[in-house]
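Biologist: Thanks for joining me! Could you walk me through the charged side chains of this model?

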Amino acid sequence: MVWKNIFVALIVSTFFLASGCSLVRHTIEHAPYSVIETKNAEEAESENIEVREYQRLLLVTAPMNPGSREDGAFRKLFAYISGENSEEKEISMTAPVFMDPAKTEQMSFVLPESFELSTAPSPRDAAVEVQELRNMKMAVIRFSGTLGEENISDNRTILEDWITEQGYEMDGPVLIAGYDPPTSIPWFRRNEVLIPIR
């Protein structure tokens, strides 16, 4: 699908521009969460499933425009954290980059935890939005390899089956998270599929 190809390209650009092509994953801030439940080791084969609570996420979000990468979400979001905001303030890059592959495709950067909704600079671009999410319960599967359509689909199926088996209900759109540039060694990459549950 088009959005997946764009996602790969955007992840490369995001991390390379943010780190001068020398990013070490653990040198940047990650979106904070607490683990509620982990899949038992004896149940697992290669998958790694958790139930997490995200108490607060401050996201800056822009819509994808598959027909024009120059005018796409990445450029808008990177411009925002590079100073195209009401305070002309540069903001540190964090991980992961979230993608919402639903009908209204979106890409989101996570703002550093030090920001509050009231202190985050306003975007200059009307298409960019700062939003706060609270108390989200998410089932998450972590996997390596590429963010290709087959890899995402296989892991999504594993996660959806597990959610059903555990008696949870899916409660929102599927999200995809990428932590590493796809030029990194595939089996060292951290990718995730996240599904809100209740």
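Biologist: Is Arg190 buried or exposed, and at what relative accessibility?

Modeller: Keep in mind that this is a predicted model. Buried means under 20% relative accessible area. Arg190 falls under that cut-off, so Arg190 counts as buried, at a relative accessibility of 7%.

Biologist: Nice. Which side chain does Arg190 meet in a salt bridge?

Modeller: Side chains of opposite charge can pair when their charged atoms come close. Here the N to O distance is 2.8 Å, and the partner has a relative accessible area of 0%, so it is buried. The side chain that meets Arg190 is that of Glu192.

Biologist: Which residues are linked with Arg190 and Glu192 in a network of salt bridges?

Modeller: The pair of Arg190 and Glu192 belongs to a network of salt bridges. Linked with them there are Glu50 and Arg52.

Biologist: How many residues apart in sequence are the parts that Glu169 and Arg198 tie together?

Modeller: Glu169 forms a salt bridge with Arg198, with 3.2 Å between the closest N and O atoms. Glu169 sits in the loop between α3 (149–165) and β8 (175–178), and Arg198 in the segment after β9 (191–196), so the parts tied together are apart in sequence by 29 residues.

Biologist: And what is the relative accessible area of Arg134, which meets Glu132 in a salt bridge?

Modeller: The N to O distance between Glu132 and Arg134 is 3.4 Å. Glu132 counts as partly exposed at 24% relative accessibility. Arg134 is also partly exposed, and its relative accessible area is 47%.

Biologist: Finally, how many salt bridges does the count come to?

Modeller: The rule asks for a side-chain nitrogen of Lys or Arg within 4 Å of a carboxyl oxygen of Asp or Glu. By this rule, the number of salt bridges is twelve.

Terms used:
Residues numbered from 1 in each chain as written. Predicted model: local features only at pLDDT ≥ 70, side-chain atom pairs only at ≥ 80, totals over all residues. Heavy atoms only, no water. Buried < 20%, exposed > 50% of the residue type's maximum accessible area, 1.4 Å probe, protein only. Helix = DSSP H or I, 4+ residues; strand = E, 2+ residues; numbered from the N terminus.
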